[in-house]
Amino acid sequence: MEKQLLVIFSLAFTLLQAQEKPVIDVQDVTRIETTLASDKMQGRKIFTAGIDSASVFIENEFKQIGLEYYDKLKSYKQEFTVGSNAANNVIGVLTGKTKPNEYVVFSAHYDHLGTITKGKDKVYNGANDDASGTTAVIALAKYFKALNNNERTIIFVAFTGEEVGGFGSEYFTNNIEADKVVAMFNIEMIGTESKWKKNSAYITGFEKSDFGVILQNNLKGSDFKFYEDPYPQEQLFYRSDNARLAAVGVPAHTISTSKMDQELNYHQLSDEISTLDLENMTQIIKAIAISSASIVKGIDTPTRVAKLKQ
Ligand SMILES: [Zn+2]
């Protein structure tokens with residue numbers, strides 16, 4: 001074979017290989033999810049050693065990815081107190097290339113319910129709630145770092161205290177200029193198939209802004225479909241960490257696959273990694289990445305949510 005041709009062939013082969021190894025892959029998703037949901041993390045309850053080890057793990061992931069610190073923080077930890085107890089969110093940033101003062105937030109809560117003292121299984125692993133969302137936030141951080149073309153600043157947040165009233169998202173909301181937050185993708189329980197089966201999810205508070213329509217447009221031509229929340233009676237829009245930012249006008253919505261009428265492991269000891277579909281979960285994370293593209297690039301700006309009167 002001619003040398004030049006050989007070079008071209010091997011280059012093409014390398015490109016093909018590069019395409020075959022996507023940034024968001026099931027092995028990495030499995031590694032992160034398995035760690036967060038392990039018994040070692042003791043159910044990640046706020047104010048415990050278990051959640052501290054989860055925080056350290058997420059901080060290390062952010063460091064390895066090469067995220068920046070948020071605002072004036074000196075680490076990835078956003079620390080605060082509740083009464084006399086210390087708690088922290090974990091935050092990493094990719095500064096926008098041309099619109100650094102416009103923020104897109106990807107978030108999930110890394111806390112869960114902790115342990116019980118009696119019985120064979122003592123740990124609320126919270127594999128779906130919300131180790132799955134936290135895994136997505138880390139995987140998306142890696143993805144956007146690799147793309148390296150975000151025009152807007154992306155803020156990746158793992159919130160604490162969601163299960164006990166949303167302390168983490170409350171503190172975060174009180175310490176950010178809400179007007180600068182263009183959109184929030186909060187991710188909750190994406191580890192099981194949605195009611196429409198694979199490659200699909202829903203968006204809470206769909207009618208409150210045009211966030212959902214923008215996401216749907218970005219998914220046109222892909223294998224994925226996002227729907228309006230089919231469980232309006234559950235009031236999911238007000239039951240996760242998006243609610244605090246939404247209350248001050250941010251198009252802050254939660255993306256989930258959870259079948260709220262038949263999710264038997266919800267808030268049970270049985271919310272274990274063995275109940276998750278990690279392949280589908282990986283696909284959902286890809287879908288979230290694709291759905292957010294025009295917002296991250298600064299092309300689309302969702303309409304604001306009506307503020308809650310104080
Ligand atoms: Zn949750």
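In this predicted model, helix α8 comprises the 14 residues 278-291, which at 1.5 Å a residue should span 20 Å, and the 20 Å that separates its end C-alpha atoms agrees with this expectation. At the start of the helix, a side-chain oxygen of aspartate 277 comes within 3.3 Å of the backbone nitrogen of glutamate 279. Because 11 of its 14 residues are buried, α8 is largely enclosed by the rest of the structure. The buried residues are Leu278, Asn280, Met281, Thr282, Gln283, Ile284, Ile285, Ala287, Ile288, Ala289 and Ser291. Threonine 282, a member of this helix, has a relative accessible area of 1% and is therefore counted as buried. When neighbours within four places in sequence are left aside, the residues in contact with threonine 282 are Ile24, Asp25, Val26 and Val29.

Helix α8 also appears in the surroundings of phenylalanine 106, since Ile288, which is one of the buried residues of α8, is among the residues that phenylalanine 106 touches. Not counting residues up to four places away in sequence, the other partners of phenylalanine 106 are Val137, Leu140, Phe144, Ile154, Ile155, Phe156, Val157, Phe185, Ser292 and Val296. Within the largest nonpolar core, which holds 57 residues, Phe106, Phe156 and Phe185 touch the most other members. Helix α4 (residues 127-147) contributes the largest share of this core, namely nine residues. Another core, of 19 residues, lies apart from it and includes Tyr70, Ile91, Ile155 and Ala246.

The zinc ion is bound by protein donors from three residues, His109 (NE2), Asp129 (OD) and Glu188, the last of which supplies two OE entries, and these donors lie 2.0 to 2.6 Å from the ion. Along the chain, the donors follow the spacing H-x19-D-x58-E. Distant parts of the chain are thereby linked, with histidine 109 in strand β3 (residues 99-109) and glutamate 188, 79 residues apart from it, in the loop between β5 (181-187) and β6 (200-203). Both histidine 109 and glutamate 188 are buried. The angles subtended by the four donor atoms around the zinc ion run from 54 to 156 degrees, and the arrangement is therefore irregular. For comparison, a tetrahedral assignment would require all angles to lie between 85 and 135 degrees.

The backbone beside one of these donors is also notable in its geometry, as aspartate 129 and aspartate 130 are joined by a cis peptide bond with omega at about -5 degrees. Aspartate 130 itself lies in helix α4. Two further backbone features concern positive phi values in residues other than glycine. Glutamine 42, in the loop between α2 (26-36) and α3 (49-65), has a phi near 50 degrees, and with a relative accessibility of 39% this residue counts as partly exposed. In glutamine 235, phi is positive as well, at about 55 degrees, although the residue is not a glycine. Glutamine 235 is found in the loop between β7 and α7, where its relative accessible area of 45% places it among the partly exposed residues.

The loop between β7 (225-228) and α7 (242-247) also holds glutamate 234, which is partly exposed, its relative accessible area being 25%. Leaving aside neighbours within four places in sequence, glutamate 234 is in contact with Arg239 and Met260. The C-alpha atoms of glutamate 234 and methionine 260 are 7.9 Å apart in space, while 26 residues separate the two in sequence.

A contact across a stretch of sequence is likewise found for phenylalanine 167, which has its place in helix α5 (residues 167-174) and is partly exposed, with a relative accessible area of 27%. Beyond neighbours within four places in sequence, phenylalanine 167 is in contact with Ile46, Phe80, Val82, Thr160 and Gly161. Of these partners, phenylalanine 80 is 87 residues apart from phenylalanine 167 in sequence, whereas the C-alpha to C-alpha distance between the two is 9.4 Å.

Methods
Residues are numbered from 1 along each chain as its sequence is written. This is a predicted model: local features need pLDDT of at least 70, side-chain atom pairs count only at pLDDT 80 or more; totals for chains, interfaces and linings use all residues. Side-chain values use heavy atoms; hydrogens and water are left out. Helices (H or I, at least four residues) and strands (E, at least two) are DSSP runs, numbered from the N terminus. The expected span of a helix is 1.5 Å times one less than its number of residues. Buried means under 20% relative accessible area, exposed over 50%, partly exposed in between (1.4 Å probe, protein chains only). A polar contact is a pair of N or O atoms within 3.5 Å; within protein, one must be able to donate a hydrogen and the other to accept it, and residues adjacent in sequence count only if both atoms are side-chain atoms. Donors are N, O and S atoms within 2.8 Å of the metal (3.2 Å for Na, K and Ca); water is not among the atoms, so sites may look incomplete. Four donors count as tetrahedral if all angles lie between 85 and 135 degrees; four count as square planar and six as octahedral if opposite donors are over 155 degrees apart and all others between 65 and 115; anything else is irregular. Contact means heavy atoms within 4.5 Å. A nonpolar core is a set of buried Ala, Val, Leu, Ile, Met, Phe, Trp, Tyr and Cys residues joined through side-chain atoms within 4.5 Å.
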